[in-house]
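Work through the exercises below with the model open. Try each task before you read its solution.

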Amino acid sequence: MSTEAAPRPTYGNWRRPRRPGLGPLGLVGTFAVFGGLVITLLASLISLYAAMVVLVPVIMFVLPLSVRTPDGRNVYQLVALRIGWRRRKAKGAHLYVSGPLSNRPGGRFRPPGLLNKVTATESRDAYDRPFGILHHPQRNLYTIVLGCDPDGGSLIDPDQVDVWVALWGEWLARLAHEPGLRGASVIVETAPDPGTRLAHEVLPRIHPDAPAAARAVMEEVVERYPSASTEMHTYVSLTYGVPGGQKRRKDDIITDLAIRIPGLLSGLVAAGGGAAYPLSAERIAEVVRVAYDPAVAADVLNARAQHGGTGLEWEDAGPAAAVESVKNYHHDSGVSRTWMLTLAPRGTIRSSVLRGMLEAAPGTRRKRVALIYRPIDPATSARIVEADRRSAQFMATSGKGMVQARAASEVKAAEQTAAEEASGAGLVEFSLMLTVTVDNEEELADADVTVRNLTAASRVQMRPADRMQAAAFSCTLPAGILPWEQTLVPHEIQEAL
């Protein structure tokens, strides 16, 4: 009697949000085209010269909108990025100095850039566990950070991994029903072991009367093993906002968050998150401090092992000095470069597609991979999937040849998305960012090669966050920075452009 093995589940069917308008023009370009044509026709009633005077500026305005880079940006956005960088550099905003010798009030080492105005407080959840709250005053947002120790996929039955993936998708779908949730991010940080963690775990447990041979073996393991080991930390940051038109006190918001934490943690544990717990304000400050100054990682670990904590406050979690350049970000004892996702893996993938990217990378001081999620409420999700479905059907019926074949594939994907959404699945916008920190700028060339190998193995396309390295670095920290909440132009208008 023979049995046929069940096929392993595959994943995919993510699609870029379709911007309204004709082709690459977007909504603004489409209005400009039709408005220009109408004005040109009216001007042609006067004279041909008047029509040409109107038509030429319209063409000059629309043409840059029709030219887009592989990541979807038009010429105007590229020019705005370069102008913004030159203005920041002219004002000296790319330089940051803090501490008693700086001209900043207070003489503290506050985190720079997008984190400079953030404040931290601490409260206790329903199980009397301390948790930190980061308040972003510009947008009146509140961030809590959860830590977890995932079980990993080694020596785990593949069916169990697929169950975890399904439960993780269910946890993400639940986020759309979280009142006031603006976004979430999952940060996986890896770094070489500082060489003291294993010693703190093993040496205190050696019995004084243990045989000399056994003691020698354990001491040799402690001495040699850290050189080849790595540490991995996983953080989940959730950022909440106050609904428009409502006025709530800060204490009421913190109490509301304290009630939600146990339910969020139980969902993480069910999805393979292992031991999950909220991070205190001190622990959040330590994570940010080590990210800006990797050389103090061993000192922070020793202080926690010997004294139970460092006593570090958020106001002292930043670097003493930081310099942003076009391609790099220098901060205390490290130099970092951040990459952003431009294209998710095409076709179907397995659950282990990002495993290589999440593992420790040789030759780097620290590496962080941040998956950023923007949950969409059910009502908006229904409108989006129906609009995508109609758009895909229109493209399939208006093209010919290979264009029609690709459009038919788009129709199939849109129909599947609409069916899954109608059956209760959630719709989430996501992106991915990767930050690599090394000791000096010369090592960044090797880091570039490492990142290219990792992205190729994971079938993703990424590009460096040039001229915005400092902001991108902040987005990969477990501090609740949501890119779409930090732009001067509303996100909806950006989608139209």
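**Exercise 1. Cysteines**

Classify Cys148 as buried or exposed, then do likewise for Cys475, and count the disulfides.

Solution. The model is a predicted one.
- Step 1: Cys148 has a relative accessibility of 5%. The cut-off for buried is under 20%, so Cys148 is buried.
- Step 2: Cys475 comes out at 7% relative accessibility, so Cys475 is buried too.
- Step 3: A disulfide needs two cysteine sulfur atoms within 2.5 Å. The structure has zero disulfides.

**Exercise 2. An aromatic pair**

How are the rings of Trp14 and Phe430 arranged, stacked or edge-to-face? Which parts of the chain does the pair tie together?

Solution.
- Step 1: Start with the total. The count is six aromatic pairs.
- Step 2: Take the pair of Trp14 and Phe430. Their ring centres are 6.0 Å apart, and the planes make an angle of 70°.
- Step 3: Apply the cut-off. Planes over 60 degrees apart count as edge-to-face, and Trp14 with Phe430 is edge-to-face.
- Step 4: Locate both residues. Trp14 lies in the segment before helix H1 (26-44), while Phe430 belongs to strand S12 (residues 427-438). The pair therefore ties together parts that are 416 residues apart in sequence.
- Step 5: Check accessibility. Trp14 is partly exposed at 33%, and Phe430 is partly exposed at 36%.

**Exercise 3. Other ring contacts**

Which residues form one aromatic cluster with Trp168? Where does the charged end of Arg368 sit?

Solution.
- Step 1: Trp168 clusters with Trp171 and Tyr373.
- Step 2: The charged end of Arg368 sits over the ring of Phe473. The distance to the ring centre is 4.8 Å.

**Exercise 4. Two helices and their loop**

What is the angle between helix H8 and helix H9, and how far apart are their axes? Then examine Asp293 in the loop between H8 and H9.

Solution.
- Step 1: H8 covers residues 281-292 and H9 covers residues 297-307. They pack at an angle of about 155°, with axes 9 Å apart.
- Step 2: Angles over 145 degrees count as roughly antiparallel, so H8 and H9 are roughly antiparallel.
- Step 3: The H8 and H9 crossing is left-handed.
- Step 4: Asp293 is found in the loop between the two helices. Asp293 has a relative accessible area of 10%, so this residue is buried.
- Step 5: Compare sequence with space. Asp293 and Pro319 are 26 residues apart in sequence, and their C-alpha atoms are 6.7 Å apart.

Terms used: Residues numbered from 1 in each chain as written. Predicted model: local features only at pLDDT ≥ 70, side-chain atom pairs only at ≥ 80, totals over all residues. Heavy atoms only, no water. Buried < 20%, exposed > 50% of the residue type's maximum accessible area, 1.4 Å probe, protein only. Phe/Tyr/Trp six-rings, centres within 6.5 Å; stacked < 30°, edge-to-face > 60°. Helix = DSSP H or I, 4+ residues; strand = E, 2+ residues; numbered from the N terminus. Lys NZ or Arg CZ within 6 Å of the ring centre and 35° of its normal. Axes fitted to C-alpha atoms, helices over the stretch in contact; angles between N-to-C directions. Parallel < 35°, antiparallel > 145°, perpendicular 65-115°, else oblique. Left-handed = near helix turned anticlockwise from the far one by under 90°.
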